Amino acid sequence: MTDTPSKQSVCSEETITQSLDGDEASITPSDEETGAPIETVSPLGYHVDWISVIFLNVSRTIGIGVFTTPGTILKGVGSVGLSLIYWVVGFLFSAASLAVYLEYLSYYPKRSGADIAYLEKAYPRPRLFVPALYTFTFVFLSISSSSAIVFAEYIFAALGQETSTWNVRGLAVGMSTFVTLVCMANTKWSLRFSNWIGMIKVATLVFIAILGLIVLAGGISRVENPGSNFRNAFSGTSTNLNGLANALLKIRFAYVGYENAFSVANEVKNPIPTLKKFAPLSLGIVFILYFMANIAYFATVPKELILESHELTASLFFEAIFPNREAVVALQVLVALSSLGSVFASTISASRVVRECGRQGLLPYPRVWASTKPFGTPLAAYALRWFISCVVIILPPPGDAFNFIVDLQYYPTAVWALLLTFGLYKIRARRQKAHAPSSAFKVWDSVAAFALAVNVGIMVLPWVPPEGGIYGGDVSFFYATYCIVGVFIILLAAFLYWVWFKYLPKRGQYRIRLVVDKLSDGAQALRTVRVPLHALAQWDSTHDDHGQLIIPASSEEYHD
């Protein structure tokens with residue numbers, strides 16, 4: 001990951017350098033100019049139009065949650081009325097956080113990668129520290145294994161075939177491989193797949209909503225006493241803190257994906273007006289579909305049956321309306337397609353995040369991660385995500401181990417969400433101090449404060465014990481083990497950063513600097529290089545405060 005710079009790399013007109021010293025004295029006049037180089041012309045092209053913005057968000061957000069979560073939420077809160085209020089609260093949570101992303105976008109419209117790019121700007125010192133922690137957790141924990149497993153299980157269920165551990169794993173790996181190959185081969189076609197499946201999801205939920213309205217109007221005779229759940233909507237409301245807290249946490253994660261399109265911001269021709277208009281629209285679409293689907297479920301299925309059943313809430317709904325198995329099979333296919341759409345949308349966005357991690361010099365061989373050859377796609381990022389997802393699909397035994405690995409990503413995600421919101425205040429303060437012009441979008445202070453409070457709550461809620469006690473979670477061991485291990489992984493990443501940036505340079509008598517490499521396809525990436533202490537003064541004297549080479553070095557001090 002760290003090279004010793006050659007004389008040629010120091011003198012090249014295609015190279016600029018940046019300091020990695022962590023003390024305040026080394027901060028440039030504007031930390032806004034630090035970080036991975038801006039690719040003013042996207043080497044990945046401009047295939048993301050307003051339709052893709054909508055469906056990257058919609059497809060990522062609407063997974064299987066809308067078919068399963070309503071019953072889980074009802075069990076947690078106890079009443080239909082409070083359950084519906086929770087879906088509204090989840091929307092408000094997400095809208096506040098979306099506003100934070102829009103303000104970041106207004107500052108950095110030419111940066112893809114979303115969180116990794118924004119954290120780099122919000123926390124420039126110690127140099128690359130926060131992005132390094134994020135990279136470590138994202139690369140190894142952000143996987144689509146669970147969606148692939150769900151896809152395989154529901155395909156077999158629709159076919160009426162018995163499942164085994166290995167045929168489910170085999171189909172899940174096959175699906176992940178298919179998605180990855182499509183995304184590798186052509187960005188335009190991967191986006192089309194995501195859009196088409198997203199449209200099917202929307203059509204499915206619109207169909208469910210219409211059926212619900214027909215039920216409420218008394219148009220389906222099979223449903224007895226339609227709408228009875230709404231007559232005493234708050235009857236049975238729970239006072240159990242753990243159930244209410246866990247339901248709130250599940251609602252929050254049911255909306256995850258509203259920010260998905262920000263990962264491809266530099267592939268949108270006019271990112272600020274496009275995302276400013278269509279990212280909120282996509283969240284609004286999701287909320288309306290979620291809310292109307294819940295209305296349909298509660299209008300059709302008795303509350304007691306939802307509470308007692310272990311089936312999908314949507315399955316109970318379809319069984320109540322349609323007497324034949326074909327309807328249930330259709331639902332199973334739709335759930336599988338929903339999982340497939342989520343994998344497409346998350347794979348596209350995650351590849352851009354991994355590419356940005358590599359472009360920041362945080363992965364070995366940054367030129368490989370930044371490259372878009374030969375198909376105009378980030379092949380290395382796709383390959384890494386596919387490999388890790390397949391490992392998690394194949395190696396862990398079903399049950400506790402698999403659930404634990406899937407849950408691991410949630411707590412670090414909550415940490416980054418909190419740091420991202422807090423970082424917005426830091427950027428505002430720096431820009432105000434530098435008398436920077438106002439941005440195209442600014443979050444109301446009250447909304448930013450609300451988003452900050454929500455993210456603090458999301459970090460606290462996972463520690464609330466489940467109703468069944470400390471061993472009552474979705475694993476047989478201590479319920480918050482995934483939180484503890486998540487914190488440990490972040491601390492481990494911090495330790496590795498210290499070894500890489502502090503201990504080894506001190507021991508080896510060198511300092512780390514960053515070199516910006518420009519590739520033939522237009523991509524740019526940071527590469528870390530080791531500058532010996534005896535040559536450090538000359539190195540720094542040949543570059544200005546913004547990293548531009550100002551005096552060609554004639555010394556032979558730098559060598560491979």
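**Buried residues, paired strands and enclosed space in a predicted model**

S190 is found in helix α9, which covers residues 187-216. The structure described here is a predicted model, and this serine makes a handy place to start looking around in it. With a relative accessible area of 1%, S190 counts as buried, because the cut-off for that label is under 20%. Leaving aside neighbours within four places in sequence, the contacts of S190 are V182, C183, F344 and I348.

From a single buried residue, the view can be widened to the nonpolar cores. In soluble globular proteins, nonpolar side chains tend to be buried together. Here the largest nonpolar core holds 149 residues, and the members that touch the most others are F67, Y86, Y104, Y118, I208, F262 and F317. F262 is worth a visit in the viewer: apart from neighbours within four places in sequence, F262 is in contact with L98, Y101, L102, L105, R111, S112, G113, A114, Y118, L275 and A279. A second core, separate from the largest one, is made up of 12 residues, among them A36, W500, F501 and L526.

Helix α7 runs from residue 145 to residue 159, a length of 15 residues. The distance from its first C-alpha to its last is 21 Å, close to the 21 Å expected at 1.5 Å a residue. Buried positions in α7 are S145, A148, I149, V150, F151, A152, Y154, F156 and A158. Just after this helix comes G160, with a positive phi of about 75 degrees.

A glycine with positive phi also turns up in the strand region. Strand β3, residues 510-518, is mostly covered, with seven of its nine residues buried. Its partner is strand β4, residues 524-532, and the two pair in the antiparallel sense over nine bridges. To find the register on screen, R513 can be followed to its bridge partner in β4, V529. Five residues lie between the strands of this hairpin, where G522 takes a positive phi near 95 degrees.

Finally, the interior was searched for enclosed space. Rolling a probe the size of a water molecule over the atoms shows where empty space is left. Five cavities of 30 Å³ or more were found in this way. The largest cavity contains about 70 Å³ of space. Its lining consists of E39, S42, P43, L44, K110, S112, N266, E267, R352, R355, E356 and R359. Readers who have already looked at F262 will recognise one of these residues, S112, which is among the contacts of F262 and also lines the largest cavity.

Notes
Residues numbered from 1 in each chain as written. Predicted model: local features only at pLDDT ≥ 70, side-chain atom pairs only at ≥ 80, totals over all residues. Heavy atoms only, no water. Core = buried A, V, L, I, M, F, W, Y, C linked by side-chain atoms within 4.5 Å. Buried < 20%, exposed > 50% of the residue type's maximum accessible area, 1.4 Å probe, protein only. Contact = heavy atoms within 4.5 Å. Helix = DSSP H or I, 4+ residues; strand = E, 2+ residues; numbered from the N terminus. Pairing = 2+ DSSP bridges. Expected span 1.5 Å × (residues − 1). 1 Å grid on protein atoms, 1.4 Å probe; cavity = no way out; pocket = protein on both sides within 12 Å on 5 of 7 lines; lining within 4 Å. Points joined across faces, edges and corners; volume = space filled by probe spheres on them.
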